[in-house]
Amino acid sequence: MMALWIQILVIAACLAAAGILLRYYLSMFQQNSYRPERFLRWLKDNPVPHPFRKEKLKFRMTFRMVRLTVVTALLMLGLCALLRPWGAVACVLLTPALMLLANLLLSPVEKAVGRWYYNDAAKRLASMPGLIIIGVTGSYGKTSTKNYLYRLLSEKYNVLMTPGNFNTTLGVVRTIREQLQPFHQVFIVEMGAKQRGDIAEICRLVHPRIGVVTAVGDMHLETFGSRENVQKTKFELVEALPADGLAVINEESEGISTYESVPTHCELLRYGIEAPRADVRAQDLSYSRSGMSFTLSGPEPVGE
């Protein structure tokens, strides 16, 4: 039988390792929008943990993460108490499974909290009927486009944009609840997606009046399955626009120009450089150390 001091040493070492792994898997779970099915797909593709690798997105210890950490830690301690010292070894080997079990146990709580946050954000938006909401999505270019729009529109309006990579429903809800103020006139919402319905979900919350689709490419095909699904998902933004809304799409993107199901219920403005069907064009492009210049040509309202 293993000596008591050795058992204590093994348990302490294993719990320390499990703690490091838990921090790593919590971060990955957060990056996968707290969705177990996405996390499991990621885990299948990344079976070997790399807890000390630089994170793509900075981990945020939100209240949800605190709750998940506490319940996972309690499960680990319970396993150690029942099967010591082998329970501690199991904690290391089963860290992601224990975290997902904790998430399952907390799911009623998280659903209730999420519903309250979502409804609160919706009420704040409803209290500002004059707010102009612009949705920006695309396989690439959406963050840059969002920043350009913010800089240009801020010359005339009080503008709020979703910060950083807050391009999920949870990120948009958090932006609304923490940053949206009554004096804001324009709200620019970056909309990311990893599967069908993601953008439609954000649109059901914010109800954009203007939508910008920057590009459609072969991003996240492991979750979308095909480029056609990517196209359909990006154009969920255009489908959500009202009849008096405006859709602005990049005709230079092959994934956009070849898409045959572009919604036509609202005004559609295609932009590009050489694309034949572009309504608005950038011409006479020139580059220098001070930047880039071009001539914008298109319908009369745009020229103004």
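Two strands are taken to pair if DSSP finds at least two bridges between them. On this basis, strands β7 and β8 of the predicted model form a hairpin, with two residues between them. Six bridges join β7 to β8, and the pairing is antiparallel. Within this hairpin, Q283 has T295 in β8 as its bridge partner. On β6, Y271 is bridged to V280 of β7. The pairing of β6 with β7 is parallel and comprises two bridges.

The hairpin belongs to an open sheet of eight strands, arranged in the order β2-β3-β1-β4-β5-β6-β7-β8, with mixed pairing. The edges are formed by β2 (159-161) and β8 (291-297), each of which pairs on one side only. From one strand to the next, the twist averages 20 degrees. Elsewhere in the sheet, strand β1 (residues 132-137) runs parallel to strand β3 (residues 186-190), and the two are joined by five bridges. In this pairing, G135 is placed opposite V189 of β3.

Strand β1 also takes part in covering helix α10, whose buried residues are covered by elements including β1, α8 (198-206), β4 (210-213), α9 (221-224), α11 (236-239) and α12 (254-257). Helix α10 spans residues 227-234, and its buried residues are N229, V230, Q231, T233 and K234. An α-helix has 3.6 residues a turn, so residues three or four places apart point the same way.

Side chains of opposite charge can pair when their charged atoms come close. A search of the whole structure returned 15 salt bridges. One of the salt bridges is formed by R177 and D120, with 2.9 Å between the closest N and O atoms. Because R177 is located in helix α7 (residues 169-179) and D120 in helix α5 (residues 95-126), this pair ties together parts that are 57 residues apart in sequence. R177 is partly exposed, its relative accessible area being 24%. D120 has a relative accessible area of 18% and is therefore buried, the cut-off for burial being under 20%.

A salt bridge is also formed between R277 and E251, at 3.0 Å from N to O. R277 is in the loop between β6 (267-272) and β7 (280-288), whereas E251 is in the loop between β5 (246-250) and α12; the pair thus links distant parts of the chain, 26 residues apart. R277 counts as partly exposed, at 43% relative accessibility. E251, at 5% relative accessibility, counts as buried.

In the salt bridge between R151 and E155, the closest N and O atoms are 2.5 Å apart. R151 has a relative accessibility of 54% and so counts as exposed. E155 is likewise exposed, with a relative accessible area of 58%. Both assignments follow because exposed residues are those over 50%. Finally, a network of salt bridges links R35, R38, D198 and E201.

Methods: Residues numbered from 1 in each chain as written. Predicted model: local features only at pLDDT ≥ 70, side-chain atom pairs only at ≥ 80, totals over all residues. Heavy atoms only, no water. Helix = DSSP H or I, 4+ residues; strand = E, 2+ residues; numbered from the N terminus. Axes fitted to C-alpha atoms, helices over the stretch in contact; angles between N-to-C directions. Buried < 20%, exposed > 50% of the residue type's maximum accessible area, 1.4 Å probe, protein only. Contact = heavy atoms within 4.5 Å. Salt bridge = Lys/Arg side-chain N within 4 Å of Asp/Glu carboxyl O.
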